Amino acid sequence: MSKYINFLDLGAQPLANNYLKKNDLNKKEIKYRLKVGIDMDNKLVSINKPLSSKMMFNNNYPYRSSMSKTMIHSFKNLAKIIKKQFKPKKILEIGSNDGTFIKNFSKKVAIGIEPCSNVEKITKKEGYDTFPLYWDQKTAKKILSKRGKVDLIYSANTISHIEDLNEVFKAINILLKDKGIIILEDPSLLECLKRNTYDQFYNEHIYVFSLIGIENILKKHNLEVFNIQNLKIHGGSNRYFIKKINHRIAINPSVKINRKKEVKYGLKRLSSYISFASRVKKSKKKFQDLFKKIKSQNKRIIGYGVTAKSTTILNYCKIGRDYISYFVDTTLDKQNKYTPGTKIPIYKYNNINDKNIDFVFLGAWNFKDEILKKEKKFVKQGGRFITHTPYPKII
Ligand code: TMP
């Protein structure tokens, strides 16, 4: 048994992506206690009692990768690099969502695995070879028998949603050619601690990875990171390029540099996580004070971009309808529903240039640059955004 130590308690939380319909409002919501801890042996940070995948990833899943220009561009650029550098004849994406990434490849080359059949259907209809399955050894064997081994496996913001990481990499090893490449992309633990983005933790985000933690798991499966890129996406993510140990590719200096950076910050020490937890507590108080102050001036606040992350913030800080009149969001499946736990109405995004809106809480802070660029007029008219990262403030 590895040594697991809790360091952060984010209180009672609803399922982060479970947007409520009008007739759900009087029903009791499922709540769970969101605590975060670290497995000190592997230096893996995770929530302490993950819920079952079926409860979270089913045919009602509202998230769409295609809702953000940032994601579309990022996937497009990566696809170009992959084609040029690795020239894969067969590529598999784990967690292909609505196909935003695999659509950069031909139908002959790309395969998608996506357990949420409502989004998986979108790509299948367009003629892509997608499977409505969870990623495990059984799935890997099924793909192996249908399509043979693959040259490259890509997965963004998905592996961190799967509790059994050993199963993940056993399955990858079944399907990946000996000279195959794995590219994983997930929020960075170092950035999460630096920016106090405690909202990276919610029921779906079981892990927030560091390079150190990923390497500890990979070595058990004869895999290793040979390159790492630090991305701006989702408030700071890492893109890990991974290979089988026997495959001879030079290890890029970025791996050593990132490892050193993480060790220097203290990601191997429990005290760093305890300090983070204490900053989070202070952030809660400051966030609440900011909302109280704005409200006392009779100003109107709305929310922009309903994210799973904002579910954690709003429920932890107890910011509900008293403070935020409504949210706007471009995702069809979230519109005309209510935020989990806090029950704030969500409307279709139109524009926010209404003179009655004074402040906008940036739920989708991870797309801050994209949103601020789009909403120049609102800011010019005197409107202001509120964020909680790196500390609660008005932008
Ligand atoms: P995510 O952080 O889980 O990716 O979710 C981002 C949400 O924000 C998603 O529902 C789409 C929404 N959104 C907008 O409504 N407007 C925007 O301009 C952007 C970038 C995102």
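Helices (H or I, at least four residues) and strands (E, at least two) are DSSP runs, numbered from the N terminus. The model is predicted, so local features need pLDDT of at least 70 and side-chain atom pairs pLDDT 80 or more, while totals for chains, interfaces and linings use all residues. Residues are numbered from 1 along each chain as its sequence is written, and side-chain values use heavy atoms, without hydrogens or water.

The ligand has 18 residues around it, where near means a heavy atom within 4 Å. Asp329, Thr331, Lys334, Asn366 and Lys374 come nearest. Helix H11 (residues 368–374) gives the most to this shell, with three residues. By class, the shell holds seven nonpolar, six polar and five charged residues. Nonpolar covers Ala, Val, Leu, Ile, Met, Phe, Trp, Tyr, Cys and Pro; charged covers Asp, Glu, Lys and Arg; the others, Gly among them, are polar.

Three side chains place an N or O atom beside a ligand oxygen. The distance is 2.6 Å for Lys374, 2.7 Å for Lys334 and 2.8 Å for Asn366. Taken alone, the ligand exposes 490 Å², and the protein buries 96% of that (Shrake-Rupley method, 1.4 Å probe).

Elsewhere, four strands form an open sheet in the order S1-S2-S3-S9, with antiparallel pairing (pairing takes at least two DSSP bridges). Strands S1 (4–14) and S9 (207–208) stand at the edges with a single partner strand each, so one side of each lacks a neighbour in the sheet. Eight bridges join S1 to S2 (residues 31–39). Ile5 has Ile38 of S2 as its bridge partner.

Methods. Polar contact = N/O pair within 3.5 Å; in protein donor to acceptor, adjacent residues only side chain to side chain.
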